[in-house]
Amino acid sequence: MASGDLIDSQKNSLAMPKVNVLTMFRLGLFQMGLGIMSILTLGVLNRIMIKELAIPATLVAGTIAVHQFVAPARLWFGQLSDAKPFLNYHRTGYVWVGAALFAIASFLAVQVTWQLGASFYSVGWTTQTYGWVALLAGIFAFYGLALSSSSTPFAALLVDVSDEDNRSKLVGVVWSMLMVGIVIGAIISSKLLPAATTCQEAATGTVSLYSQPEQLLALQNSVNRLFFILPGVVCGLSILSTAGIEKKYSRYGIRSSIVKREDQITLKRAMKVLTASRQTGLFFTFLLVMTISLFMQEAVMEPYGGEVFGMCVSQTTRLNAFWGTGTLIALGLTGFLVVPRIGKQKTTVLGCLTVALTMVLVILSGFTANQKLLQGALFLFGLASGVTTTGAISLMLDLTAAETAGTFIGAWGLAQAMARGLATVSGGAILDVGKQIFPQKVLAYSLVFGLQALGMILAIWFLSRVNVREFQTNAKQAIASILESELD
């Protein structure tokens with residue numbers, strides 16, 4: 001493209017209206033909805049399957065993690081929304097239809113869960129039970145695809161409607177709204193779920209609720225209602241968040257011919273970027289270990305509250321509000337108070353170390369059966385998670401050049417999505433192994449949290465070997481050579 005065309009495009013972009021703060025928060029409603037949905041799947045459904053239905057944690061975590069393992073599909077959805085408008089829009093139509101589909105998929109997942117629990121209780125591991133497992137995994141795969149078809153075009157929309165001078169502010173607002181959604185989802189879910197009469201019995205053992213029909217019916221009715229109401233609300237938030245935004249603010253039409261979008265990165269190119277040089281390999285190994293260690297508890301924390309503390313479903317769901325609030329506070333303050341004083345790399349180390357220490361507190365709370373200590377530990381864990389996330393993202397943005405940033409960030413996003421899937425499965429698998437080794441459930445859960453803490457220490461070791469100056473020179477040249485070879 002001629003330089004004159006580029007200048008004209010930049011002038012046209014500057015002439016278009018800019019999103020104001022109110023519009024930023026309105027866009028954040030979509031991300032808030034995603035936070036609510038994460039509570040339903042990883043906060044409510046996994047707890048019920050492990051604790052109330054007595055299904056092995058490895059199977060539960062593996063089935064739910066399927067929606068994270070289909071993350072590479074988001075690359076295709078990003079490219080599809082670039083190339084083919086849907087419902088007369090490049091982004092909005094995909095966002096709306098995807099939101100409707102993942103809302104339907106979440107309700108279907110609950111119905112299949114009840115059938116799986118009934119089959120497992122009545123006939124054990126038979127072809128029928130495995131069939132229900134396969135169907136549930138298929139629904140979660142569909143849920144993940146629907147999520148990708150909605151969230152990826154939405155992320156592209158954020159780029160389309162913003163400029164360099166206000167993009168970081170927009171992303172900050174939208175990301176914070178995700179945590180707001182987690183807190184709100186936890187509170188609403190805890191109100192809509194029953195305070196089951198089996199709470200006092202929860203700490204003595206895990207017995208399928210199918211042996212107690214009256215309590216099972218009460219739980220089914222409340223959970224079905226929850227998974228009908230909240231996904232419907234999230235669907236409405238998706239429409240409210242994006243209606244009219246693309247038409248008024250999108251710069252896509254004047255940028256599409258000159259900008260190489262970060263969501264166009266292919267899986268093959270992502271793997272090449274991740275192994276481009278010694279420094280890129282070290283940094284992405286750090287990100288992989290950190291992400292797995294940060295999210296390993298995600299599939300087991302609610303069952304921990306049920307089996308060790310004797311907490312009801314409504315009470316364990318509310319635990320998400322504690323770490324969500326802590327994360328929200330840390331995300332808002334770290335960039336202003338911590339990073340400017342000690343730097344990005346030391347901030348990340350501080351976050352990782354604090355996460356490890358909070359896992360020790362989570363373990364101690366289990367041995368003392370102290371719910372207040374658990375709640376406090378989870379709040380501190382949220383603070384530590386926010387510090388770690390802010391430091392790692394800030395460091396990542398520093399450790400690359402502008403001309404390769406899109407490719408680099410795209411590769412990081414894909415690696416993080418796959419790492420979260422591995423973290424979910426690992427948490428469930430380690431819990432099952434712990435239950436086989438230790439007679440006390442608190443020891444089995446402590447194995448998960450203890451390995452999380454060790455993983456964070458290992459992440460610090462990898463980060464200590466990352467040299468910022470070497471990264472900015474060698475990695476930049478290595479990534480650039482990969483892109484040039486692909487163009488050739």
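1. A good place to start is the aromatic cluster made up of Y304, F309, Y445 and F449. Please keep in mind that this is a predicted model.

2. On ring pairs more broadly, the count comes to 14 aromatic pairs. One of them joins F120 and W125: the ring centres are 4.7 Å apart and the planes meet at 50°, so this pair is tilted. F120 is buried, with a relative accessible area of 19%, which sits just under the 20% limit for that label. W125, with 37% relative accessibility, is partly exposed.

3. Back in the cluster, Y304 and F449 pair edge-to-face, with 4.8 Å from centre to centre and 70° between the planes. This pair links distant parts of the chain, since Y304 belongs to helix α13 (residues 301-309) and F449 to helix α18 (residues 441-464), 145 residues apart. Y304 is buried at 0% relative accessibility, and F449 is likewise buried at 0%.

4. F449 deserves a closer look. Leaving aside residues up to four places away in sequence, F449 touches Q297, V300, M301, Y304, M359, V362 and I363.

5. Now for the wider setting. The largest nonpolar core holds 120 residues, and F286 and F449 touch the most other members. Helix α2 (residues 21-52) supplies the largest share of this core, 16 residues. Because domain 1 (19-252) and domain 2 (259-487) both contribute residues, the core lies between them.

6. One last ring to inspect is F295: R420 lies over its face, at 3.9 Å from the ring centre.

Technical notes. Residues are numbered from 1 along each chain as its sequence is written. This is a predicted model: local features need pLDDT of at least 70, side-chain atom pairs count only at pLDDT 80 or more; totals for chains, interfaces and linings use all residues. Side-chain values use heavy atoms; hydrogens and water are left out. A nonpolar core is a set of buried Ala, Val, Leu, Ile, Met, Phe, Trp, Tyr and Cys residues joined through side-chain atoms within 4.5 Å. Buried means under 20% relative accessible area, exposed over 50%, partly exposed in between (1.4 Å probe, protein chains only). Helices (H or I, at least four residues) and strands (E, at least two) are DSSP runs, numbered from the N terminus. Domain bounds come from an automatic or database domain assignment. Contact means heavy atoms within 4.5 Å. Rings of Phe, Tyr and Trp (its six-membered ring) pair if their centres lie within 6.5 Å; planes under 30 degrees apart count as stacked, over 60 as edge-to-face and the rest as tilted. A charge sits over a ring if NZ of Lys or CZ of Arg is within 6 Å of the ring centre and within 35 degrees of the ring normal.
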